[in-house]
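Here are some exercises to work through with the sequence and the model side by side. Try each task before you read its solution.

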Amino acid sequence: MLTRDEIPRAETYSISTGIESSAGNAPPVCTADGRSITLPLNGTESVWDVLDAHGITLPLGCASGHCGSCTVLLDDVPVPACIVPHAEARGRDIATTATASEDALVTAMMEHGAVQCGFCSPGIVVTLSWFIREAAAEGRVVTVDEVQDALTGHLCRCTGYAAVVSAAVAASNGFSGNGQGIDGAGTTA
């Protein structure tokens with residue numbers, strides 16, 4: 001997950017004028033779960049605020065980017081929606097758990113008892129689905145250590161993470177992103 005300092009900055013954002021649109025006076029937009037979303041012309045709303053205003057519900061835990069519950073993919077990179085300024089979403093694609101989750105991971109999490117209260121689950125599912133797809137694109141299976149590293153920035157007070165890690169490794173073992181399985185050695189079967 002990226003920290004606030006690592007998030008690329010929009011080129012045309014300025015405090016005095018808000019967001020300048022390259023299409024004249026047309027309002028800035030982004031795509032969220034395949035749906036066009038109009039962004040505010042100015043203000044300090046986060047991506048979470050904008051999604052919520054458009055009826056796309058995400059958990060809001062810490063509201064400071066530390067718990068990971070509101071993680072979304074912004075142009076296929078996991079970010080905490082609560083601290084990403086809405087200006088950063090201009091012209092970009094946002095995917096929430098509704099479109100970013102891998103069924104194999106969700107199933108494995110249920111089978112491994114990796115979901116308890118469920119508050120942190122959407123962010124964890126977004127991040128681990130992204131991570132499993134990235135590994136599959138490289139033709140490999142994720143390891144326990146890699147999953148633990150990928151979960152940095154996600155707080156879960158219920159599971160203790162062991163079941164989440166086991167579920168992610170199990171899901172990765174059967175997923176390649178192209179309909180083929182991956183064997184235990186990490187090669188396409």
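**Exercise 1. The strand β5 and its partners**

Which residue is the bridge partner of Leu73 in β7? Then place β5 among its neighbours.

*Solution.* Before starting, note that this is a predicted model, in which local features need pLDDT of at least 70 and side-chain atom pairs count only at pLDDT 80 or more, while totals for chains, interfaces and linings use all residues. Residues are numbered from 1 along each chain as its sequence is written, and side-chain values use heavy atoms, with hydrogens and water left out.

Step 1. The bridge partner of Leu73 in β7 is Ala95. Strands here are DSSP runs (E, at least two residues), helices likewise (H or I, at least four), and both are numbered from the N terminus.

Step 2. β5 and β7 run antiparallel and are joined by two bridges. Two strands pair if DSSP finds at least two bridges between them.

Step 3. Now turn to β6: it pairs with β5 in the antiparallel sense over three bridges, and Thr71 stands opposite Pro80 there.

Step 4. The hairpin of β5 and β6 has three residues between the strands, and Asp75 takes a positive phi near 50 degrees in it.

Step 5. Check the two faces of β5. Thr71 and Leu73 on one side and Val72 and Leu74 on the other are all buried, where buried means under 20% relative accessible area, exposed over 50% and partly exposed in between (1.4 Å probe, protein chains only).

**Exercise 2. The whole sheet**

In what order do the five strands of the open sheet lie?

*Solution.* Step 1. The order is β4-β3-β7-β5-β6, with mixed pairing.

Step 2. β4 (35–38) and β6 (78–80) are the edge strands, each pairing on one side only.

Step 3. At the β4 end, β3 (residues 29–32) runs antiparallel to β4 and is joined to it by four bridges; Cys30 has Ile37 as its bridge partner in β4.

Step 4. On average, neighbouring strands of the sheet are turned by 40 degrees against each other, direction ignored. Axes are lines fitted to C-alpha atoms, for helices over the stretch in contact, and angles run from 0 to 180 degrees between N-to-C directions.

Step 5. Add a helix: α4 lies across β5 (71–74) and β6, at about 40 degrees to β5.

**Exercise 3. Two buried polar residues**

Which contacts do the side chains of Arg92 and Thr159 make?

*Solution.* Step 1. Arg92 lies in the loop between β6 and β7 (93–95), and counts as buried because its relative accessible area is 17%.

Step 2. Its side chain joins that of Asp75 through a polar contact of 3.0 Å. The side chain of Arg92 also reaches the backbone oxygen of Glu88 at 2.9 Å. A polar contact is a pair of N or O atoms within 3.5 Å; within protein, one must be able to donate a hydrogen and the other to accept it, and residues adjacent in sequence count only if both atoms are side-chain atoms.

Step 3. Thr159 is found in the loop between α5 and α6. Thr159 is buried too, with a relative accessible area of 16%, and its side chain reaches the backbone nitrogen of Tyr161 at 3.1 Å.

Step 4. Leaving out residues up to four places away in sequence, Thr159 touches Ala114, Val115, Gln116 and Val164; contact means heavy atoms within 4.5 Å.

**Exercise 4. The cores**

Which residues of the largest nonpolar core touch the most other members?

*Solution.* Step 1. A nonpolar core is a set of buried Ala, Val, Leu, Ile, Met, Phe, Trp, Tyr and Cys residues joined through side-chain atoms within 4.5 Å. In this core of 25 residues, they are Leu105, Met109, Ile124, Leu128, Val147 and Leu151.

Step 2. At least two core residues come from each of α3 (103–111), α4 (121–137), α5 (144–150) and α6 (162–173).

Step 3. A second, separate core has 20 residues, including Ala32, Leu39, Leu51 and Cys70.

**Exercise 5. Confidence**

What is the average pLDDT of the chain?

*Solution.* Step 1. The average is 84, and 79% of the residues score at least 70; pLDDT is the predictor's confidence in each residue, from 0 to 100.

Step 2. Over residues 7–22 the pLDDT is below 50, and over residues 178–189 it stays under 50. Where pLDDT is low, the predicted coordinates should not be read in detail.
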